[in-house]
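Let's take a friendly walk through a protein chain together. Have a look at the sequence and the 3D view, and then read on.

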Amino acid sequence: MELVLEVEDPDAVTKSALGRIAGDAGMPEAERAHAEDAVTEDTAEALAYLVDPFDLVSEVPGVELQQASWSSERIDYDPDSPDWDLDEDDGDDDSDG
């Protein structure tokens, strides 16, 4: 699975992530400070605090999440470019989906 997102309001994403961190009563204070710094410095980190990969697929019949990881990069996305053809094989020979 590959997902391309456009973050239209990075401040809103950061604010929401900070709210989630503040609302986590079980988070140790040292971890909270680290998490707050991370989401303030990087919108991708903020997004990672808001989106749980398990929640994305937990209700899909026949699918069990085995592993999830985050990576992000800033790109110049042009939906009209042939480089962004979603039906094109990305070279991954793993046909398990």
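The report below goes from the whole chain to its helices and then to some single residues.

## The chain as a whole

Please keep in mind that this is a predicted model. The chain holds 4 helices and 0 strands, and reading along the sequence gives the pattern α-α-α-α.

How much of the chain is buried? Of its 97 residues, 14% are buried. Among the contacts with a separation of 6 or more, 38% link residues that are 24 or more positions apart.

## Helix 1 beside helix 2

Let's begin with a pair of helices. Helix 1 covers residues 10-22 and helix 2 covers residues 29-41. Their axes are 9 Å apart, and the two helices pack at an angle of about 170 degrees. Because angles over 145 degrees count as roughly antiparallel, helix 1 is described as roughly antiparallel to helix 2.

Which residues meet where these helices pack? From helix 1 come Thr14, Ala17, Leu18, Ile21 and Ala22, and from helix 2 come Arg32, Ala35, Glu36, Val39 and Thr40. Sorted by class, this contact has 6 nonpolar, 2 polar and 2 charged residues.

## Helix 2 against helix 3

Now follow the chain onward to helix 3, which spans residues 43-50. Helix 2 and helix 3 have axes 5 Å apart and pack at an angle of about 120 degrees. These two helices are therefore oblique to each other.

On the helix 2 side of this contact you can find Ala35, Ala38, Val39 and Glu41, and these meet Thr43, Glu45, Ala46 and Tyr49 in helix 3. The residues of this contact divide into 5 nonpolar, 1 polar and 2 charged. Val39 and Ala35 take part here, and both are also listed in the contact of helix 2 with helix 1.

## The buried side of helix 3

Which residues of helix 3 are buried? They are Thr43, Ala46 and Leu47. These three cover an arc of only 100 degrees around the axis, which puts them on the same side of helix 3. A general rule helps here: an α-helix has 3.6 residues a turn, so residues three or four places apart point the same way. What covers the buried residues of helix 3 includes helix 1 and helix 2.

Thr43 is a good example, being buried with a relative accessible area of 18%. Leaving out residues up to four places away in sequence, Thr43 touches Val7, Pro10 and Val13. At the N-terminal end of helix 3, Asp42 acts as a cap: one of its side-chain oxygens lies 3.0 Å from the backbone nitrogen of Ala44.

## Two residues of helix 1

Pro10 and Ala17 both appear in helix 1. Is Ala17 buried or exposed? With a relative accessible area of 0%, Ala17 is buried, whereas Pro10 is partly exposed at 34%.

Each has a partner from farther along the chain. The C-alpha atoms of Pro10 and Asp42 are separated by 9.1 Å, although these residues are 32 residues apart along the chain. Ala17 and Ala48 are 31 residues apart along the chain, and their C-alpha atoms are separated by 8.5 Å. Setting aside neighbours within four places in sequence, Ala17 is in contact with Val39, Ala46, Tyr49 and Leu50.

## Arg32 and Met27

Next, find Arg32 in helix 2. This residue counts as buried, because its relative accessibility is 11% and the cut-off for buried is under 20%. What does the side chain of Arg32 reach? It reaches the backbone oxygen of Asp24 at 2.9 Å, and a polar atom of the Arg32 side chain lies 3.1 Å from the backbone oxygen of Met27. Beyond neighbours within four places in sequence, Arg32 is in contact with Ile21, Ala22, Asp24, Ala25 and Met27.

Met27 sits in the loop between helix 1 and helix 2. With 9% relative accessibility, Met27 counts as buried too. Not counting residues up to four places away in sequence, Met27 touches Ile21, Arg32, Ala35 and Tyr49. Tyr49 belongs to helix 3 and Ala35 to helix 2, while Ile21 is part of helix 1.

How values were computed: Residues numbered from 1 in each chain as written. Predicted model: local features only at pLDDT ≥ 70, side-chain atom pairs only at ≥ 80, totals over all residues. Heavy atoms only, no water. Buried < 20%, exposed > 50% of the residue type's maximum accessible area, 1.4 Å probe, protein only. Arc of directions from axis to C-beta. Contact = heavy atoms within 4.5 Å. Polar contact = N/O pair within 3.5 Å; in protein donor to acceptor, adjacent residues only side chain to side chain. Axes fitted to C-alpha atoms, helices over the stretch in contact; angles between N-to-C directions. Parallel < 35°, antiparallel > 145°, perpendicular 65-115°, else oblique. Nonpolar A, V, L, I, M, F, W, Y, C, P; charged D, E, K, R; others polar.
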